[in-house]
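Here's a quick tour of the empty space and the nonpolar packing in this one. Have a look at the model first.

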Amino acid sequence: MQRAVWWIALTLFSLTIAFGLFLMTASVAANPEAAAFILGLLGFWLFANRLIFGYGAISNTAEKVIEGEDVNREEIAEKVAKSPEAAKAQRLEELEVATLLSMWYGVLEPFKYAYYLGFFLLFLVAAFFELNILSSVIFGPVVEAVTLGAAVPTLLVWSLEWLARQQVSSALEKLLSKNA
Amino acid sequence: MKRASIVLVVSIFVALVLGWTIGSFFTGRNVEKVIASIPGSPIVVNAVYNKEHHSIVYSILNPGGTPLTIVNESFVFTPGKETKEKGYIVSHVPVHVNLPPGTITAVELKLKEGTEKLKLGDAVLATFTYVHPLSPDLYTVAHPFKMGVKAEKKEENKGGK
């Protein structure tokens, strides 16, 4: 049931984005802000991609663990270590899945910080334009549009990160209660 | 599972706010562009006689989105009861005053040199001819000015009640 809701929500979201992109590409020539918005969205998505899919996979796997389904440990061990050989050398496949998931969550931490730093710097410049600390008739709206575009993948990263954190902690609680 | 649904609800709420912000940003930019392409008609918000320069300083507001340019000034001087000066007309004095959009600009109208200082009741009907960038046409705005007329009007209103 939940998976169906997830897929319906994802489809609706993708359709909305695609429709919005179509509408905006139709008016890019007249609106430099629209072009800036799309550039901000795509450019920040490029850096957010690893986080979005990483946190998404962590949440899905954690849910499988909570529901008691079988999970391939070796695949997750490969994500945690840099390579399959490293994963074997570290004997990661001997660990519990929930433990591996919390390690995988930790692996994504530096990428998350770098991403949020980039977004914060852009947001800062946009805020300066908005508060008239900096002012430019041409660059002000463009920077603001880039920030709004960047806010879309940032929202995804933020909510998926939150979801992954909750699911992993639930999986860990289940593991600990089983051990006790 | 309760925790996951909280994440979903909060995320949807934030996403709606974000979508609203994006939508209003683009709507606002479009409206700004439309307004910036509409020329306004200048409004004289205040006129003050400057005794030292023997001139009247008009504060003119350009309420539109395009810049306007005053290309010439004309005025008709009508004497009041207290002055000995005779009435005269000065027409088509070429000037070049830019009125930037959305701001009030001070425009000085020099009265004829060698004439007496304005006295109570003297009237000056000024006509400004201006152009805007969208067409080569000339437009005019005329403003009647009477020395000390503001105080008189207030008294009239009080008397009327």
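Which residues lie nearest the centre of the largest pocket? They are W6(A), A9(A), L10(A), F13(A) and L156(A), out of 50 residues that line this pocket. A pocket here is an open set of points on a 1 Å grid over the protein atoms alone, where a 1.4 Å probe fits, with protein on both sides within 12 Å along at least five of seven lines; lining residues have an atom within 4 Å of a point.

This is a predicted model, so local features need pLDDT of at least 70 and side-chain atom pairs pLDDT 80 or more, while totals for chains, interfaces and linings use all residues. Residues are numbered from 1 along each chain as written, chains are lettered from A in the order written, and side-chain values use heavy atoms, without hydrogens or water.

The lining breaks down like this:

| Class of lining residue | Count |
|---|---|
| Nonpolar | 33 residues |
| Polar | 14 residues |
| Charged | 3 residues |

As for space, the largest pocket holds about 1,900 Å³.

Now the packing. The largest nonpolar core (buried nonpolar residues, under 20% relative accessible area with a 1.4 Å probe, joined through side-chain atoms within 4.5 Å) has 51 residues. Among those touching the most other members are F37(A), W104(A) and I22(B). The largest share of this core, 16 residues, comes from α7(A). Apart from it sits another core of 24 residues, including F75(B) and M147(B).

Methods
Grid points are joined across faces, edges and corners, and a volume is the space filled by probe spheres set on the points. Ala, Val, Leu, Ile, Met, Phe, Trp, Tyr, Cys and Pro count as nonpolar, Asp, Glu, Lys and Arg as charged, and the others, Gly among them, as polar. Buried means under 20% relative accessible area, exposed over 50%, partly exposed in between (1.4 Å probe, protein chains only). Helices (H or I, at least four residues) and strands (E, at least two) are DSSP runs, numbered from the N terminus.
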